[in-house]
Amino acid sequence: MAVAQRRPILALCLAGTLLCLLPGQGFVGSPAGRLSSSRVVARVGAEYQERQSPRDADLPFDAAAATGDTVDVSFKKRPFGILRYTPGNGGKGAMVQEVIGKSRYPGDPQGQGFAAGVKGGWVVKTINGQDVQTEDFNTVMDLLDDEVADPRFSKSVALAIEKQGGRKAQPAEAPIAITYATIPGYEWKGEVLGADWEPAHR
């Protein structure tokens, strides 16, 4: 009789163990935080375009033409919450394309861009006072050090750095002061990410 009573208890223990081992599940069976756990800072500009492929809506632009209104933003830490940048004509300059559309909690680093009102179509003009408006795209990306990528890219990132002979620039020191500039007459047609956006939607 004692053996028969222990069997249901043993079965419950095994079921509980299997539930805890299921990927993406918390202690109550709810999905774990996707945004924070599935993305890491890649910290490199090498082959950025191969990892963050262009979209059909991306329109060519001349970074030197960003002579319109400017906006100053200070980022306390990385990542900034800007998912994708694109280079201008000739691989010069960098334009914001996609910004995470929410801040999950006060001080959320990945909500900094959203909280500061950063918008697609803005060109990076200066980083900590350094003029990078017409600088090589990879150099700008290394200074920003802001790529948020799938952890599976870590090996390809290392190979890309080696292939180009090292980084183009060392990361700018935080907090990072960035001035963005607009291009008069330029019509940005990229995607505005809503508050319900998740990495799985890409």
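User: In what order do the elements of the protein run from the N terminus on?

Analyst: A reader can begin by following the chain from its start and noting each helix and strand in turn. In this predicted model, the elements run α-α-β-α-β-β-β-α-β-β-α-β-α-β from the N terminus on, and they comprise six helices and eight strands.

User: Among contacts between residues at least 6 apart in sequence, what percentage join residues at least 24 apart?

Analyst: The idea here is to ask how far apart in sequence the partners of a contact lie. In this protein, 82% of the contacts between residues at least 6 apart join residues at least 24 apart.

User: How many residues line the largest pocket, and which are the closest to its centre?

Analyst: A pocket can be read first by its space and then by its lining. The largest pocket holds about 240 Å³ of space; of the 15 residues that line this pocket, Val99, Val118, Lys119, Gly120 and Val192 are the closest to its centre. Strand 4, residues 94–99, gives the largest share of the lining, with three residues, while the lining as a whole divides into eight nonpolar, four polar and three charged residues.

User: Is Lys102 buried or exposed?

Analyst: Burial is judged against a cut-off, which is under 20% relative accessible area. Lys102 has a relative accessible area of 19%, so this residue counts as buried. Lys102 lies in the loop between strand 4 and helix 4, and a polar atom of its side chain lies 3.3 Å from the backbone oxygen of Ala195. Across the protein, buried residues make up 39% of the 202 residues.

Terms used
Residues are numbered from 1 along each chain as its sequence is written. This is a predicted model: local features need pLDDT of at least 70, side-chain atom pairs count only at pLDDT 80 or more; totals for chains, interfaces and linings use all residues. Side-chain values use heavy atoms; hydrogens and water are left out. On a 1 Å grid over the protein atoms alone, a cavity is a set of points where a 1.4 Å probe fits but cannot get out, and a pocket is an open set with protein on both sides within 12 Å along at least five of seven lines; lining residues have an atom within 4 Å of a point. Grid points are joined across faces, edges and corners, and a volume is the space filled by probe spheres set on the points. Helices (H or I, at least four residues) and strands (E, at least two) are DSSP runs, numbered from the N terminus. Ala, Val, Leu, Ile, Met, Phe, Trp, Tyr, Cys and Pro count as nonpolar, Asp, Glu, Lys and Arg as charged, and the others, Gly among them, as polar. Buried means under 20% relative accessible area, exposed over 50%, partly exposed in between (1.4 Å probe, protein chains only). Contact means heavy atoms within 4.5 Å. A polar contact is a pair of N or O atoms within 3.5 Å; within protein, one must be able to donate a hydrogen and the other to accept it, and residues adjacent in sequence count only if both atoms are side-chain atoms.
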